[in-house]
Amino acid sequence: MSKGLKSTINEQLDVSDLFQGRQDVIRTGPLRVSLQVTGNEGFITVDGELSIDLELACSRCLDPTSEHTVIPFFEQFKPASGDEEKDEEDESDFIEVSGERLNLKPYLEEALLLFMPFAPLCSDDCKGLCQECGQNLNERTCSCKTEKIDPRFAALKDLFKE
């Protein structure tokens, strides 16, 4: 964490293990990391961006959809202080780290997980799946009844039939 240290990081990380067991993530490309590390007086600044190509399941129809995600990344790190008594109001913009070397991988993975699309869509007008039979309504319509009757008023539906 010496003052004046400048370093550029341009790497590709395999993050497929991060999505192991997730059914909404079909395939991931490598996480492309482009960061500038700058040493200042007692702290390090890491600034840049991450990008990744993801193939995700559409949240409405479950068809595969491709997403290119670009994530801005900015963090400041400082050596961990020996003070055990820490004021809760003494929150700072710095992440305290211990040791001689700084491992950025957990922070990069955290940023990726935070910026994952919440509900990816194959298109804005995706119709989704039929709730009764499971037919993809983007491909064709089904003959299921879509009329919903509140069970509290079900007895009244036959009132005007004659």
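I started with the strands: β5 and β6 run parallel and are joined by 4 bridges. At that junction, Pro79 stands opposite Val97 in β6. For my own reference, strands (E, at least two residues) and helices (H or I, at least four) are DSSP runs numbered from the N terminus, and two strands count as paired if DSSP finds at least two bridges between them.

**Ground rules**

I am working from a predicted model, where local features need pLDDT of at least 70, side-chain atom pairs count only at pLDDT 80 or more, and totals for chains, interfaces and linings use all residues. Residues are numbered from 1 along each chain as its sequence is written, and side-chain values use heavy atoms, with hydrogens and water left out.

**Confidence**

I checked pLDDT, the predictor's confidence in each residue on a scale from 0 to 100. The protein averages 84, and 91% of the residues score at least 70. Where is confidence lowest, and where is it highest? Strand β6 (residues 94-97) is lowest with a mean of 78, and β4 is highest at 93. Note to self: where pLDDT is low, the predicted coordinates should not be read in detail.

**The β4-β5 hairpin**

Next I looked at β4 and β5, which pair in the antiparallel sense over 14 bridges. They form a hairpin with 6 residues between them. I picked one bridge to follow: Leu50 has Ile71 in β5 as its partner.

Leu62 caught my eye in the loop between β4 (44-57) and β5 (64-79). Its phi is near 70°, a positive value in a residue other than glycine. Is Leu62 buried or exposed? Leu62 counts as exposed because its relative accessibility is 57%; the cut-offs are under 20% for buried, over 50% for exposed and partly exposed in between (1.4 Å probe, protein chains only).

**The core**

I then went to the largest nonpolar core. By definition, a nonpolar core is a set of buried Ala, Val, Leu, Ile, Met, Phe, Trp, Tyr and Cys residues joined through side-chain atoms within 4.5 Å. This one has 23 residues, and those touching the most other members are Leu31, Val33, Leu35, Val46, Leu50, Phe73 and Leu108. The elements giving two or more residues to the core are β3, β4, β5 and α1. β4 gives the largest share, 6 residues.

I listed contacts (heavy atoms within 4.5 Å) for two of these core residues. Leaving out residues up to four places away in sequence, Leu50 touches, among others, Leu31, Val33, Leu35, Phe73, Leu108 and Ala111. Phe73 is in strand β5 and counts as buried, at 4% relative accessibility. With its neighbours within four places set aside, Phe73 has contacts including Leu35, Val46, Leu50, Tyr107, Leu108 and Ala111. I also took one long distance: Phe73 and Asn136 are 38 Å apart, C-alpha to C-alpha, and 63 residues apart in sequence.

**Salt bridges**

How many salt bridges did I get? The count comes to 4, using a side-chain nitrogen of Lys or Arg within 4 Å of a carboxyl oxygen of Asp or Glu. I noted three of the pairs.

- Asp53 pairs with Arg32, with the closest N and O atoms 3.1 Å apart. Asp53 lies in β4 and Arg32 in β3 (residues 31-39), so this pair ties together parts that are 21 residues apart in sequence. Asp53 is partly exposed at 38%, and Arg32 is partly exposed at 25%.
- Asp24 pairs with Arg22, the closest N and O atoms being 2.7 Å apart.
- Glu109 and Lys105 meet at 4.0 Å, N to O. Both lie in helix α1 (residues 105-114), 4 residues apart, about one turn of the helix. Glu109 is partly exposed at 22%, and Lys105 is partly exposed at 37%.

**Cysteines**

Last, I looked for disulfides, meaning a pair of cysteine sulfur atoms within 2.5 Å. The count comes to 0. Cys122 is in no disulfide, and its nearest cysteine sulfur, that of Cys61, is 3.6 Å away. Why is Cys126 not bonded to Cys122? The sulfur of Cys126 is 3.7 Å from that of Cys122, its closest, which is too far for a bond. Cys126 is buried at 6% relative accessibility, whereas Cys122 is partly exposed at 33%.
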